[in-house]
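Here are a few exercises to work through with the structure open beside you. Try each task before you read its solution.

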Amino acid sequence: MAKDTVILGIETSCDETAASVVINGREVISNIIYSQIEIHKKFGGVVPEVASRKHVENIGRVVEKAMLESGYKFDQIDAVSVTYGPGLVGALLVGLSYAKGLAYSIKKPLVGVHHIEGHICANYLNNTDFKPPFVCLVVSGGHTHLVLVKDYSVYEIIGKTRDDAAGEAYDKIARALGLSYPGGPNIDKLSKDGDPLSINFPKPYLDKDSYDFSFSGLKSSVLNYINKCNMTSENVDKYNVAASFQNSVVEVLVNKTIKLCKEKKYNTIALAGGVSCNTTLREVMKNECDKNGFYLKVPEPIYCTDNAAMIASSGFFEFSKGNISSFELNAYPNLILGQR
Ligand code: KG4
Ligand code: ZN
(Lines give C-alpha, C1' and ligand atoms only; values in the text may rest on other atoms or scores of the structure.)
(Ligands and ions follow the chains in the order given, each with its own letter.)
Protein backbone atom coordinates (compact mmCIF):
# COMPACT_ATOMS: atom_id res chain seq x y z
CA MET A 1 0.00 0.00 0.00
CA ALA A 2 1.27 3.50 -0.86
CA LYS A 3 2.52 5.63 1.98
CA ASP A 4 0.07 8.24 3.30
CA THR A 5 0.75 11.85 2.35
CA VAL A 6 0.21 14.24 5.26
CA ILE A 7 -0.34 17.92 4.41
CA LEU A 8 -0.58 20.88 6.77
CA GLY A 9 -2.86 23.54 5.24
CA ILE A 10 -2.86 27.23 6.21
CA GLU A 11 -5.56 29.77 5.20
CA THR A 12 -5.67 33.53 5.94
CA SER A 13 -7.13 35.08 2.76
CA CYS A 14 -10.02 36.94 4.44
CA ASP A 15 -11.35 36.88 8.00
CA GLU A 16 -10.65 33.30 9.10
CA THR A 17 -7.29 32.23 10.50
CA ALA A 18 -7.24 28.50 9.83
CA ALA A 19 -4.93 25.48 9.91
CA SER A 20 -5.63 21.81 9.25
CA VAL A 21 -3.92 18.47 8.82
CA VAL A 22 -5.32 16.28 6.04
CA ILE A 23 -4.19 12.82 4.82
CA ASN A 24 -4.16 12.04 1.08
CA GLY A 25 -6.28 15.11 0.29
CA ARG A 26 -9.38 13.59 1.85
CA GLU A 27 -9.12 12.50 5.48
CA VAL A 28 -9.39 15.49 7.83
CA ILE A 29 -7.34 14.84 10.99
CA SER A 30 -7.62 18.31 12.53
CA ASN A 31 -9.43 21.47 11.44
CA ILE A 32 -8.90 24.66 13.46
CA ILE A 33 -10.73 27.83 12.43
CA TYR A 34 -10.42 31.09 14.31
CA SER A 35 -13.17 33.31 12.90
CA GLN A 36 -12.90 37.11 13.15
CA ILE A 37 -16.61 37.60 12.39
CA GLU A 38 -17.41 39.03 15.86
CA ILE A 39 -14.65 41.66 15.40
CA HIS A 40 -15.78 42.77 11.91
CA LYS A 41 -19.50 42.65 12.74
CA LYS A 42 -19.47 46.09 14.34
CA PHE A 43 -18.11 47.60 11.10
CA GLY A 44 -20.72 45.84 8.94
CA GLY A 45 -18.03 44.02 6.91
CA VAL A 46 -14.38 42.95 6.85
CA VAL A 47 -11.86 45.73 7.59
CA PRO A 48 -8.69 44.57 5.76
CA GLU A 49 -6.12 46.14 8.09
CA VAL A 50 -7.87 44.75 11.19
CA ALA A 51 -8.03 41.32 9.53
CA SER A 52 -4.25 41.30 8.88
CA ARG A 53 -3.46 42.29 12.48
CA LYS A 54 -5.73 39.59 13.90
CA HIS A 55 -4.12 36.98 11.61
CA VAL A 56 -0.68 38.00 12.95
CA GLU A 57 -1.94 37.62 16.53
CA ASN A 58 -3.49 34.20 15.97
CA ILE A 59 -1.64 32.31 13.24
CA GLY A 60 0.97 30.79 15.58
CA ARG A 61 -1.47 29.28 18.04
CA VAL A 62 -3.91 28.15 15.34
CA VAL A 63 -1.16 26.15 13.57
CA GLU A 64 0.12 24.82 16.91
CA LYS A 65 -3.38 23.64 17.84
CA ALA A 66 -3.96 21.97 14.45
CA MET A 67 -0.68 20.06 14.82
CA LEU A 68 -1.39 19.11 18.44
CA GLU A 69 -4.89 17.83 17.67
CA SER A 70 -3.62 15.84 14.68
CA GLY A 71 -1.10 13.93 16.77
CA TYR A 72 1.51 14.42 14.03
CA LYS A 73 4.92 16.00 14.59
CA PHE A 74 6.32 18.50 12.11
CA ASP A 75 8.85 15.95 10.83
CA GLN A 76 5.97 13.60 9.91
CA ILE A 77 4.23 15.98 7.51
CA ASP A 78 5.07 15.92 3.80
CA ALA A 79 4.40 19.55 2.85
CA VAL A 80 3.02 22.89 4.02
CA SER A 81 0.29 24.22 1.72
CA VAL A 82 -0.94 27.79 1.94
CA THR A 83 -3.38 30.11 0.17
CA TYR A 84 -1.45 32.71 -1.90
CA GLY A 85 -4.48 34.29 -3.66
CA PRO A 86 -7.02 35.57 -4.37
CA GLY A 87 -7.91 37.53 -1.23
CA LEU A 88 -6.92 40.56 0.84
CA VAL A 89 -3.24 41.15 0.18
CA GLY A 90 -2.27 41.96 3.79
CA ALA A 91 -4.20 38.96 5.09
CA LEU A 92 -2.70 36.61 2.47
CA LEU A 93 0.82 37.78 3.30
CA VAL A 94 0.46 36.79 6.95
CA GLY A 95 -0.35 33.15 6.15
CA LEU A 96 2.13 32.97 3.28
CA SER A 97 5.03 34.42 5.29
CA TYR A 98 4.24 32.14 8.21
CA ALA A 99 4.05 29.07 5.92
CA LYS A 100 7.36 29.98 4.25
CA GLY A 101 9.13 30.40 7.59
CA LEU A 102 7.70 27.14 8.89
CA ALA A 103 8.41 25.09 5.74
CA TYR A 104 11.98 26.42 5.63
CA SER A 105 12.67 25.69 9.29
CA ILE A 106 11.26 22.14 9.22
CA LYS A 107 12.81 21.49 5.77
CA LYS A 108 9.55 20.59 4.04
CA PRO A 109 8.24 21.68 0.62
CA LEU A 110 5.96 24.73 0.30
CA VAL A 111 2.85 24.39 -1.91
CA GLY A 112 0.97 27.57 -2.86
CA VAL A 113 -2.78 27.03 -3.30
CA HIS A 114 -5.46 29.04 -5.12
CA HIS A 115 -8.26 29.83 -2.63
CA ILE A 116 -11.09 28.99 -5.06
CA GLU A 117 -9.42 25.71 -6.07
CA GLY A 118 -9.40 25.01 -2.34
CA HIS A 119 -13.17 25.63 -2.15
CA ILE A 120 -13.68 23.16 -5.02
CA CYS A 121 -11.48 20.54 -3.27
CA ALA A 122 -13.69 20.80 -0.15
CA ASN A 123 -15.87 18.28 -2.03
CA TYR A 124 -13.19 15.59 -1.62
CA LEU A 125 -12.95 16.00 2.18
CA ASN A 126 -14.07 13.03 4.27
CA ASN A 127 -15.17 11.32 1.08
CA THR A 128 -13.26 8.46 -0.49
CA ASP A 129 -15.27 8.16 -3.71
CA PHE A 130 -15.96 11.59 -5.15
CA LYS A 131 -13.88 12.18 -8.29
CA PRO A 132 -13.71 14.50 -11.31
CA PRO A 133 -15.08 15.17 -13.86
CA PHE A 134 -17.88 17.39 -12.55
CA VAL A 135 -19.42 20.83 -13.02
CA CYS A 136 -18.73 23.04 -9.99
CA LEU A 137 -20.75 26.09 -9.02
CA VAL A 138 -18.46 28.20 -6.82
CA VAL A 139 -20.39 30.77 -4.82
CA SER A 140 -18.32 32.58 -2.21
CA GLY A 141 -18.26 36.08 -0.74
CA GLY A 142 -15.95 37.40 -3.45
CA HIS A 143 -16.40 34.99 -6.38
CA THR A 144 -19.11 33.37 -8.46
CA HIS A 145 -17.70 30.87 -10.99
CA LEU A 146 -19.06 28.05 -13.12
CA VAL A 147 -16.17 25.66 -13.58
CA LEU A 148 -15.59 22.38 -15.41
CA VAL A 149 -13.39 20.26 -13.15
CA LYS A 150 -11.93 17.97 -15.80
CA ASP A 151 -9.49 16.18 -13.51
CA TYR A 152 -7.73 16.75 -10.18
CA SER A 153 -6.33 20.32 -10.41
CA VAL A 154 -7.51 20.73 -14.03
CA TYR A 155 -10.05 23.53 -14.24
CA GLU A 156 -11.82 25.40 -17.03
CA ILE A 157 -13.79 28.50 -16.11
CA ILE A 158 -16.97 28.66 -18.23
CA GLY A 159 -18.68 31.59 -16.53
CA LYS A 160 -18.05 34.13 -13.82
CA THR A 161 -19.59 37.22 -12.30
CA ARG A 162 -19.21 40.46 -14.20
CA ASP A 163 -19.71 42.53 -11.04
CA ASP A 164 -20.97 41.54 -7.57
CA ALA A 165 -20.49 37.97 -6.40
CA ALA A 166 -23.54 36.13 -5.02
CA GLY A 167 -22.23 36.32 -1.43
CA GLU A 168 -21.50 40.03 -1.80
CA ALA A 169 -25.09 40.64 -2.94
CA TYR A 170 -26.42 38.67 0.05
CA ASP A 171 -24.24 40.71 2.42
CA LYS A 172 -25.28 44.07 0.93
CA ILE A 173 -29.00 43.31 0.91
CA ALA A 174 -28.75 42.00 4.48
CA ARG A 175 -27.10 45.26 5.55
CA ALA A 176 -29.90 47.31 3.95
CA LEU A 177 -32.41 45.18 5.90
CA GLY A 178 -30.56 45.94 9.15
CA LEU A 179 -29.18 42.40 9.52
CA SER A 180 -25.70 41.77 10.86
CA TYR A 181 -22.58 40.65 8.92
CA PRO A 182 -22.24 38.14 7.33
CA GLY A 183 -25.67 38.60 5.80
CA GLY A 184 -26.04 35.31 3.91
CA PRO A 185 -27.00 33.10 6.85
CA ASN A 186 -29.44 35.78 8.14
CA ILE A 187 -31.22 36.10 4.78
CA ASP A 188 -31.33 32.31 4.57
CA LYS A 189 -33.10 32.23 7.97
CA LEU A 190 -35.51 35.15 7.30
CA SER A 191 -36.54 33.85 3.90
CA LYS A 192 -38.06 30.75 5.49
CA ASP A 193 -40.92 32.93 6.80
CA GLY A 194 -41.35 34.96 3.61
CA ASP A 195 -43.14 34.44 0.30
CA PRO A 196 -40.58 34.07 -2.53
CA LEU A 197 -43.15 35.14 -5.13
CA SER A 198 -44.39 38.25 -3.26
CA ILE A 199 -42.04 40.77 -4.96
CA ASN A 200 -41.01 40.48 -8.58
CA PHE A 201 -37.27 41.23 -8.54
CA PRO A 202 -35.30 40.80 -11.80
CA LYS A 203 -33.63 37.50 -12.64
CA PRO A 204 -30.31 38.39 -14.26
CA TYR A 205 -29.72 35.77 -16.96
CA LEU A 206 -27.74 38.16 -19.27
CA ASP A 207 -27.55 36.93 -22.92
CA LYS A 208 -29.35 33.72 -23.76
CA ASP A 209 -26.19 31.64 -24.10
CA SER A 210 -24.11 33.34 -21.41
CA TYR A 211 -22.79 31.44 -18.42
CA ASP A 212 -21.68 34.68 -16.77
CA PHE A 213 -23.44 36.17 -13.77
CA SER A 214 -24.30 39.72 -12.74
CA PHE A 215 -25.96 40.48 -9.43
CA SER A 216 -25.47 44.25 -9.21
CA GLY A 217 -28.71 45.08 -11.09
CA LEU A 218 -30.72 42.77 -8.84
CA LYS A 219 -29.01 44.28 -5.80
CA SER A 220 -29.91 47.84 -6.94
CA SER A 221 -33.48 46.80 -7.60
CA VAL A 222 -33.84 45.39 -4.06
CA LEU A 223 -32.17 48.49 -2.54
CA ASN A 224 -34.51 50.78 -4.57
CA TYR A 225 -37.50 48.80 -3.35
CA ILE A 226 -36.41 49.20 0.30
CA ASN A 227 -35.72 52.95 -0.19
CA LYS A 228 -39.08 53.50 -1.88
CA CYS A 229 -40.88 51.78 1.01
CA ASN A 230 -38.96 53.90 3.52
CA MET A 231 -39.75 57.15 1.65
CA THR A 232 -43.46 56.41 1.43
CA SER A 233 -43.56 55.15 5.04
CA GLU A 234 -44.60 51.73 3.77
CA ASN A 235 -43.66 48.80 5.95
CA VAL A 236 -40.71 46.80 4.53
CA ASP A 237 -41.59 43.14 4.96
CA LYS A 238 -38.07 41.81 5.58
CA TYR A 239 -39.19 38.22 5.25
CA ASN A 240 -40.74 38.76 1.81
CA VAL A 241 -37.79 40.87 0.59
CA ALA A 242 -35.31 38.20 1.73
CA ALA A 243 -37.34 35.35 0.20
CA SER A 244 -37.95 37.16 -3.12
CA PHE A 245 -34.32 38.28 -3.49
CA GLN A 246 -33.12 34.77 -2.73
CA ASN A 247 -35.62 33.30 -5.19
CA SER A 248 -34.05 35.36 -8.02
CA VAL A 249 -30.46 34.49 -7.06
CA VAL A 250 -31.10 30.78 -6.60
CA GLU A 251 -33.13 30.41 -9.81
CA VAL A 252 -30.34 31.94 -11.93
CA LEU A 253 -27.56 29.97 -10.20
CA VAL A 254 -29.40 26.66 -10.51
CA ASN A 255 -30.64 27.07 -14.10
CA LYS A 256 -27.23 28.09 -15.46
CA THR A 257 -25.51 25.20 -13.68
CA ILE A 258 -28.04 22.61 -14.91
CA LYS A 259 -27.85 24.01 -18.47
CA LEU A 260 -24.05 23.71 -18.48
CA CYS A 261 -24.15 20.16 -17.14
CA LYS A 262 -26.59 19.17 -19.92
CA GLU A 263 -24.64 20.97 -22.64
CA LYS A 264 -21.28 19.41 -21.68
CA LYS A 265 -22.91 16.02 -21.08
CA TYR A 266 -21.54 15.75 -17.54
CA ASN A 267 -23.58 13.86 -14.97
CA THR A 268 -22.33 15.36 -11.70
CA ILE A 269 -22.65 18.80 -10.10
CA ALA A 270 -20.79 20.02 -7.01
CA LEU A 271 -21.26 23.19 -4.99
CA ALA A 272 -18.49 25.16 -3.28
CA GLY A 273 -17.98 28.37 -1.27
CA GLY A 274 -19.85 30.04 1.59
CA VAL A 275 -23.14 30.57 -0.27
CA SER A 276 -23.36 26.81 -0.86
CA CYS A 277 -24.41 26.60 2.84
CA ASN A 278 -27.66 28.19 1.67
CA THR A 279 -30.52 25.82 2.41
CA THR A 280 -32.73 26.95 -0.50
CA LEU A 281 -29.86 26.70 -3.01
CA ARG A 282 -29.11 23.16 -1.82
CA GLU A 283 -32.78 22.17 -1.93
CA VAL A 284 -33.58 23.63 -5.36
CA MET A 285 -30.33 22.30 -6.88
CA LYS A 286 -31.07 18.85 -5.47
CA ASN A 287 -34.60 18.84 -6.95
CA GLU A 288 -33.32 19.91 -10.37
CA CYS A 289 -30.52 17.33 -10.26
CA ASP A 290 -33.01 14.60 -9.39
CA LYS A 291 -35.27 15.69 -12.26
CA ASN A 292 -32.38 15.56 -14.72
CA GLY A 293 -30.69 12.42 -13.40
CA PHE A 294 -27.58 14.29 -12.18
CA TYR A 295 -25.69 13.45 -9.00
CA LEU A 296 -25.26 16.40 -6.60
CA LYS A 297 -22.29 16.68 -4.22
CA VAL A 298 -22.26 19.37 -1.53
CA PRO A 299 -19.54 19.81 1.14
CA GLU A 300 -20.49 19.78 4.82
CA PRO A 301 -21.29 23.40 5.84
CA ILE A 302 -18.04 23.72 7.89
CA TYR A 303 -16.06 23.04 4.67
CA CYS A 304 -18.18 25.43 2.54
CA THR A 305 -17.04 28.58 4.33
CA ASP A 306 -13.32 29.39 4.64
CA ASN A 307 -11.21 26.67 6.24
CA ALA A 308 -7.72 25.20 5.84
CA ALA A 309 -8.72 21.56 5.28
CA MET A 310 -9.73 22.50 1.71
CA ILE A 311 -6.32 24.18 1.27
CA ALA A 312 -4.56 21.03 2.49
CA SER A 313 -6.67 18.97 0.05
CA SER A 314 -5.86 21.15 -2.94
CA GLY A 315 -2.22 21.23 -1.73
CA PHE A 316 -2.18 17.42 -1.79
CA PHE A 317 -3.24 17.22 -5.45
CA GLU A 318 -0.68 19.88 -6.45
CA PHE A 319 2.04 18.17 -4.41
CA SER A 320 1.17 14.80 -6.02
CA LYS A 321 1.76 16.39 -9.43
CA GLY A 322 5.11 17.79 -8.30
CA ASN A 323 3.84 21.38 -8.15
CA ILE A 324 6.12 22.69 -5.41
CA SER A 325 6.38 26.46 -4.89
CA SER A 326 9.59 28.42 -4.48
CA PHE A 327 10.27 30.46 -1.34
CA GLU A 328 10.03 33.53 -3.61
CA LEU A 329 6.25 32.93 -3.90
CA ASN A 330 4.29 36.17 -3.54
CA ALA A 331 0.65 36.89 -2.61
CA TYR A 332 -1.69 37.68 -5.54
CA PRO A 333 -4.97 39.37 -4.52
CA ASN A 334 -6.47 38.79 -8.03
CA LEU A 335 -5.05 35.36 -8.82
CA ILE A 336 -7.03 33.68 -11.64
CA LEU A 337 -8.35 30.14 -11.22
CA GLY A 338 -6.21 27.54 -12.98
CA GLN A 339 -3.16 29.86 -13.24
CA ARG A 340 0.00 29.11 -11.32
O1 KG4 B 1 -16.43 31.22 0.86
P2 KG4 B 1 -16.57 32.20 1.96
O3 KG4 B 1 -16.48 31.70 3.38
O4 KG4 B 1 -15.56 33.38 1.85
C5 KG4 B 1 -15.03 33.86 0.66
O6 KG4 B 1 -14.12 33.20 0.09
O7 KG4 B 1 -15.53 34.91 0.23
O8 KG4 B 1 -18.00 32.88 1.73
C9 KG4 B 1 -18.54 33.85 2.58
C10 KG4 B 1 -19.88 34.26 2.01
C11 KG4 B 1 -20.48 35.48 2.69
O12 KG4 B 1 -20.88 36.40 1.70
C13 KG4 B 1 -21.70 34.91 3.43
O14 KG4 B 1 -22.76 35.82 3.57
C15 KG4 B 1 -22.07 33.76 2.52
O16 KG4 B 1 -20.83 33.19 2.15
N17 KG4 B 1 -22.88 32.75 3.21
C18 KG4 B 1 -24.17 32.47 2.87
C19 KG4 B 1 -24.64 31.50 3.78
N20 KG4 B 1 -23.61 31.20 4.64
C21 KG4 B 1 -22.54 31.97 4.26
N22 KG4 B 1 -24.95 32.98 1.90
C23 KG4 B 1 -26.21 32.51 1.80
N24 KG4 B 1 -26.73 31.61 2.64
C25 KG4 B 1 -25.99 31.06 3.64
N26 KG4 B 1 -26.53 30.16 4.47
ZN1 ZN C 1 -13.52 31.54 0.53
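Helices (H or I, at least four residues) and strands (E, at least two) are DSSP runs, numbered from the N terminus. With that naming, Asn 24 has its place in the loop between β2 (16–23) and β3 (27–35). Please keep in mind that this is a predicted model.

**Exercise 1. Find the residues other than glycine with a positive phi, Asn 24 and Lys 107, and decide how exposed each one is.**

Solution. Start with the background: most residues other than glycine have a negative phi. Now look at Asn 24, where phi is near 50 degrees, a positive value. Its relative accessibility is 28%. Buried means under 20% and exposed over 50%, with partly exposed in between, so Asn 24 counts as partly exposed at 28%.

Next, go to the loop between α3 (89–106) and β5 (110–114), where Lys 107 is found. Phi of Lys 107 is near 60 degrees, again a positive value. Lys 107 counts as exposed because its relative accessibility is 73%, and the cut-off for exposed is over 50%.

**Exercise 2. Locate the cis peptide bonds that precede Pro 86 and Pro 182.**

Solution. Recall that most peptide bonds are trans. Begin at Pro 86, in the loop between β4 (79–85) and α3. Gly 85 and Pro 86 are joined by a cis peptide bond with omega about -10 degrees. Then move to the loop between α5 and α6, which holds Pro 182. Here the cis bond links Tyr 181 to Pro 182, and omega is about -10 degrees.

**Exercise 3. Describe the surroundings of ligand 1.**

Solution. First, place the ligand: the space taken by ligand 1 is the largest pocket. Elements giving two or more residues to the shell are α4 (115–121), α5 (166–176) and α6 (183–191). The largest share, four residues, comes from α6.

Second, sort the shell by class. Six residues are nonpolar, twelve polar and three charged. Of the 21 residues around ligand 1, those that come nearest are Gly 141, Asp 171, Asp 188, Gly 274 and Asn 278.

Third, check the polar contacts. A nitrogen atom of ligand 1 is 2.9 Å from an N or O atom in the side chain of Asp 188. The side chain of His 115 has an N or O atom 3.1 Å from an oxygen atom of the ligand. At Asp 306, a backbone N or O atom lies 3.1 Å from a ligand oxygen atom.

Finally, consider cover: on its own ligand 1 has 560 Å² of accessible area, and the protein covers 89% of that.

Methods:
Residues are numbered from 1 along each chain as its sequence is written. Chains are lettered from A and ligands numbered from 1 in the order in which they are written. This is a predicted model: local features need pLDDT of at least 70, side-chain atom pairs count only at pLDDT 80 or more; totals for chains, interfaces and linings use all residues. Side-chain values use heavy atoms; hydrogens and water are left out. A residue is near a molecule or strand if one of its heavy atoms lies within 4 Å of it. A polar contact is a pair of N or O atoms within 3.5 Å; within protein, one must be able to donate a hydrogen and the other to accept it, and residues adjacent in sequence count only if both atoms are side-chain atoms. Accessible areas come from the Shrake-Rupley method with a 1.4 Å probe; for residues, only the protein chains shown count as cover. On a 1 Å grid over the protein atoms alone, a cavity is a set of points where a 1.4 Å probe fits but cannot get out, and a pocket is an open set with protein on both sides within 12 Å along at least five of seven lines; lining residues have an atom within 4 Å of a point. A molecule sits in a cavity or pocket if more than half of its atoms lie within 2 Å of its grid points. Ala, Val, Leu, Ile, Met, Phe, Trp, Tyr, Cys and Pro count as nonpolar, Asp, Glu, Lys and Arg as charged, and the others, Gly among them, as polar. Buried means under 20% relative accessible area, exposed over 50%, partly exposed in between (1.4 Å probe, protein chains only).
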